[in-house]
Amino acid sequence: MCEISVLGIFVADISFSGPKIPAIGETILGNKYNIGPGGKGCNQAIAIARLGGKVSFISKIGKDNYGDLALITLKKNKISSSNIIQDENSQTGVAGILVDQNSGKNAINVITGAPSSLTINELDNHIDTIKKSKIFLTQLEVPKEVIIHCLKTAKENGCITILNPAPASEISKEFYKYIDFFTPNETEAEFYTGIKITNDKDAKQAADKILNLGIKKVVITLGEKGLFYSDGKEQIYLKASAVKAIDTTGAGDAFNGALAFALSQKKTVEECLRFANRVGGLSTTKQGAGDAMPWSKDLF
Ligand code: ADP
């Protein structure tokens, strides 16, 4: 039995590293490019597998070269492909990523491709995987009706659910009651609350606003500043680990994967957050997204 199921997308990340992120209309000379695995769902599944978790990845890809990259990536990371829907009429997704080599910051354009046509009917062939999991983790990169169907099923079957609301977009009120952990980054938290987060006080205010929507626990990830957690009673603020970040792409994915893994190990919330904070930080010390997810041996 898999302990954690992740619903989400795979995309081939095509990333360009250079002295800055070009402004509109500007051309710059960069110095490195890479094509590697990405997509929030796939990155999160890789993070869990590399930390030693038993994970199932549910997704849809095309039958093309990037689809082959998806299958090779899963195999390399010992993640079963039995929950991957391959559709010869769809393209596998791609993402164009521009990375500033000095700060590791990025700007991303994702074409999700095949998963944008994922239906509840297709998903229902894999729903037992979710029903049998302890933890269900997803993001906002597949159609909303599929996400809510899975969150609802997961909750009805006693799973702990984590929604990483990325990229931020409107969700209906019905979502909130099916979410245990809501894990926006600063920008996403601002989208859902209208509060720009510049300090701990703003983070608390934003977290309170999110809890008032009916969500049980909120973790706002604050990049190089760490994280803020609240469940309405307990509040935890953790500083980020001191690392030399070279590429922050996928830090949130490493964080969410690690949070899911730690929760499956029955650790306290604070222990889970400390662990995820460390794994998120470590992921920024390597180039890429899926390929930069830390292994459990990197933690010692
Ligand atoms: P996202 O990648 O979704 O934008 P964040 O940038 O908030 O998410 O990063 C997620 C987590 O990764 C942070 O809460 C922190 O634990 C870790 N992290 C991110 N950037 C850094 C950094 N520069 N130094 C140390 N830790 C980092």
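1. Ile246 is partly exposed, with a relative accessible area of 31%. In this predicted model, Ile246 lies in the loop that joins strand 13 (235–238) to helix 8 (251–264). Leaving out residues up to four places away in sequence, Ile246 touches Val99 and Gly104, and also Thr284, Thr285, Lys286 and Gln287. Val219 is 27 residues from Ile246 along the chain, and the C-alpha atoms of the two are separated by 24 Å.

2. Asp100 deserves a separate comment. Asp100 belongs to strand 6 (residues 92–100). The residue is buried, yet Asp100 has no salt bridge. Which side chain of opposite charge is nearest to Asp100? That side chain is Lys105, 8.4 Å away. The cut-off for a salt bridge is 4 Å between a side-chain nitrogen of Lys or Arg and a carboxyl oxygen of Asp or Glu, and the pair Asp100 and Lys105 does not form one.

3. The contacts of Asp100, apart from neighbours within four places in sequence, are Gly18, Pro19, Lys20, Ile21 and Lys105. Lys105 is therefore in contact with Asp100 without a salt bridge to it, given that contact means heavy atoms within 4.5 Å, as the list of contacts and the absence of a salt bridge at Asp100 show.

4. On the surface there is a nonpolar patch made of Phe16, Tyr33, Ile35 and Leu98. Together these four residues have about 400 Å² of accessible area. Ile35, one of the members, sits in strand 3 (residues 32–38). Ile35 is partly exposed, at a relative accessible area of 40%. Patch members must have over 30% relative accessible area, and Ile35 at 40% fits that requirement.

5. As for the chain as a whole, its secondary structure comes to nine helices and 13 strands. The radius of gyration is 18 Å, close to the 19 Å given by the globule rule for 300 residues, so the chain is as compact as a globular protein of that length. The C-alpha trace spans about 50 × 45 × 40 Å along its principal axes.

6. Burial and contacts can be read alongside those dimensions. Of the 300 residues in the chain, 53% are buried. Among contacts with a separation of 6 or more, 68% are between residues 24 or more positions apart.

7. The last point is the surface. The chain exposes about 13500 Å², and carbon and sulfur atoms supply 52% of that area.

Technical notes: Residues numbered from 1 in each chain as written. Predicted model: local features only at pLDDT ≥ 70, side-chain atom pairs only at ≥ 80, totals over all residues. Heavy atoms only, no water. Helix = DSSP H or I, 4+ residues; strand = E, 2+ residues; numbered from the N terminus. Buried < 20%, exposed > 50% of the residue type's maximum accessible area, 1.4 Å probe, protein only. Lys, Arg positive; Asp, Glu negative; His and termini not counted. Patch = residues over 30% accessible without salt bridge, like charges linked within 9 Å, V, L, I, M, F, W, Y side chains within 5 Å. Areas by Shrake-Rupley, 256 points an atom, 1.4 Å probe, with all protein chains shown as cover. Rg over C-alpha atoms; globule rule 2.2 N^0.38 Å.
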